[in-house]
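Reader: I am just starting out with protein structures. Please show me one, and I will ask about the parts that catch my eye.

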Amino acid sequence: MKKRIENTVLILLALIAVFVGTWAGLLMKENLFEKKTEAEGTTAVEATTAEQEATTEETTQATTEPTTQQAVTEEPVIDFSDISVIDIYPLSLASGTGDIRHCQGIAVDVVNEYIYYSYTTSLVKCDFKGNIIGTITGIQGHLGDITLHENRKKIYASYNPQGKKALYVAIIDVENLNRTGVDALSSGLIKTVHLKEVYDDFTATVDVNGKPRTRRYGVAGTDGICFGPSFENSEGYFLTVACGITPQTYRKDNDYQILLQYDVDEFDKYAQPLSFSYFHHNGPASKGKYFLFTGNTNCGIQTMVYFDELNLWLLNVYPTTKREYQKFTMFAIDGDVKPYEGLLKGQPQEDRQKILTLYKDGVFDKKHDTYGWYSKAGDLGMSYLGSGLFYIIHPFETWYERQTAVAYLYVWDPSDEFPFTLAAGIGSDYTISKKK
């Protein structure tokens, strides 16, 4: 709801700015014309009779020529019905940097017109014109998916340090990121908060086919991350973190996506400066832990966004390596269906947890009672802008002679294969709605 209000305000401001600019331009032209005519009239009065006739003729020309010119250059009347929300955003954006690795996620600040890219060991901040505003480099470990806080001053990222002696949410001060080559460790721009419940699952020993194995539920770390309401009542503003899941085909306990929600207002009292040698375990308990049956996916949820108009959580994944499941690359959680307590499948012992429901759209896998899409993009980065518009990262392309990740503007357009359409050429003629 907050995103929809912000984008509505942005559109109104943009329209007002265009109208005021046009009106001010016409008023300025009219004032200049009046001053010029007045000055020429004074000259005519003070001149001799012979000069007056010549001046009168010149004045007549001078007063008619600007009028003709004004008619030619006058701003056209604005037809506000022709202006679409799509016109506010560039159809594509690129980070413009050549020093990149695998793109893990993006976050877009539509108010200040910045886009942020997570590149595993670095963070890049660009404006909507493609200029690099700042970069943070030297991040040891795995910086994953990222999301922007509503105050637009902080990025929250899933962060698995080398050795995984802790599992963190990294809090990055992007308001003060205004130059390139900022060192991750010495800059003081990054703090971390430990996720104890995720780490407990990661280090727990469980029985798998009669043998002790670590990683309860197949939890291998964290990755997908975004802000949204509570799964319980669709209210509040919580950080949702998705667990990475092992792709091991011999396990049957790793067929769920696992998501935890946190109140970031509690993070300040736990946050510690980034360190590559000391791994603290300070962090709050989650506000809820939830399971979603999708069948196994390779390393869990890669990127995640909350689609507030439809109350959907869009989950981008790598396809499973298990033969029995469809190779879906995108799922959606139906936020209109509240979590229910149920028995988890495939666990070594009875385990009841809060379970989420898949949105019933896309391709239906009757055998496993699941729905999903064969999405061709999104696992490298997705950000929701409001009004059914998304920036979605495509695989690396050459952009101004540099290999980089390019974000393209898409419109929500559900289909069996890929639920988006490129915004180029769409205009204002589109609607967004849930499948009936």
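Reader: Which residue is the bridge partner of V208 in β12?
Author: Strands here are DSSP runs of E, at least two residues long, while helices are runs of H or I with at least four, both numbered from the N terminus. Two strands pair if DSSP finds at least two bridges between them, and β11 (residues 205–208) and β12 (residues 211–214) run antiparallel with 4 bridges. In β12, V208 has as its bridge partner K211.

Reader: Good to know! What kind of model is this?
Author: Residues are numbered from 1 along each chain as its sequence is written, and side-chain values use heavy atoms, with hydrogens and water left out. Local features need pLDDT of at least 70, side-chain atom pairs count only at pLDDT 80 or more, and totals for chains, interfaces and linings use all residues, since the model is predicted.

Reader: Back to that hairpin: is N209 buried or exposed?
Author: N209 is found in the loop between β11 and β12, a hairpin with 2 residues between its strands. Its phi is positive, about 55 degrees, although N209 is not a glycine. Buried means under 20% relative accessible area, exposed over 50% and partly exposed in between (1.4 Å probe, protein chains only). With 57% relative accessibility, N209 therefore counts as exposed.

Reader: How does E113 count, at its 38% relative accessibility?
Author: E113 sits in the loop between β2 and β3. Its phi is positive too, near 60 degrees, in a residue other than glycine. At 38% relative accessibility, E113 counts as partly exposed.

Reader: How many helices and how many strands does the whole protein have?
Author: The protein has 436 residues, and 50% of them count as buried. Its secondary structure comes to 3 helices and 28 strands.

Reader: What is the strand order in the open sheet with mixed pairing?
Author: Strands of a sheet pair through backbone hydrogen bonds, either parallel or antiparallel. This open sheet has 5 strands and mixed pairing, in the order β2-β3-β4-β5-β9. Each edge strand pairs on one side only, and the edges are β2 (105–109) and β9 (182–183). Read across, then, the order is β2-β3-β4-β5-β9.

Reader: How many residues of β4 are buried?
Author: Strand β4 (residues 123–127) is largely enclosed by the rest of the structure. In a regular strand the side chains alternate between the two faces of the sheet. Here L123, K125 and D127 point one way, V124 and C126 the other, and all are buried. The count for β4 is therefore 5 of the 5.

Reader: Which residue of β5 is the bridge partner of L123?
Author: β4 has antiparallel pairing with β3 (residues 114–118) over 5 bridges, where Y114 is matched with D127. β4 also pairs in the antiparallel sense with β5 (residues 132–137), over 4 bridges. Their hairpin has 4 residues between the strands, and G130 takes a positive phi near 90 degrees. In β5, the partner of L123 is I136.

Reader: Which strands are at the edges of the other open sheet, β6-β7-β8-β10-β16?
Author: This sheet of 5 strands has antiparallel pairing. Within it, 2 bridges join β10 (residues 190–194) to β16, and K191 stands opposite P273 in β16. The strands that pair on one side only are β6 (142–148) and β16 (272–273).

Reader: With which side chain does the side chain of Q302 make a polar contact?
Author: Q302 lies in strand β18 (residues 298–307) and is buried, with a relative accessible area of 3%. Leaving out residues up to four places away in sequence, Q302 touches several residues, including Q104, D145, N316 and Y318; contact means heavy atoms within 4.5 Å. A polar contact is a pair of N or O atoms within 3.5 Å; within protein, one must be able to donate a hydrogen and the other to accept it, and residues adjacent in sequence count only if both atoms are side-chain atoms. At 3.4 Å, the side chain of Q302 makes one with the side chain of Y318.

Reader: How far apart in space are Q302 and M330?
Author: In sequence, Q302 and M330 are 28 residues apart. C-alpha to C-alpha, their distance in space is 9.9 Å.
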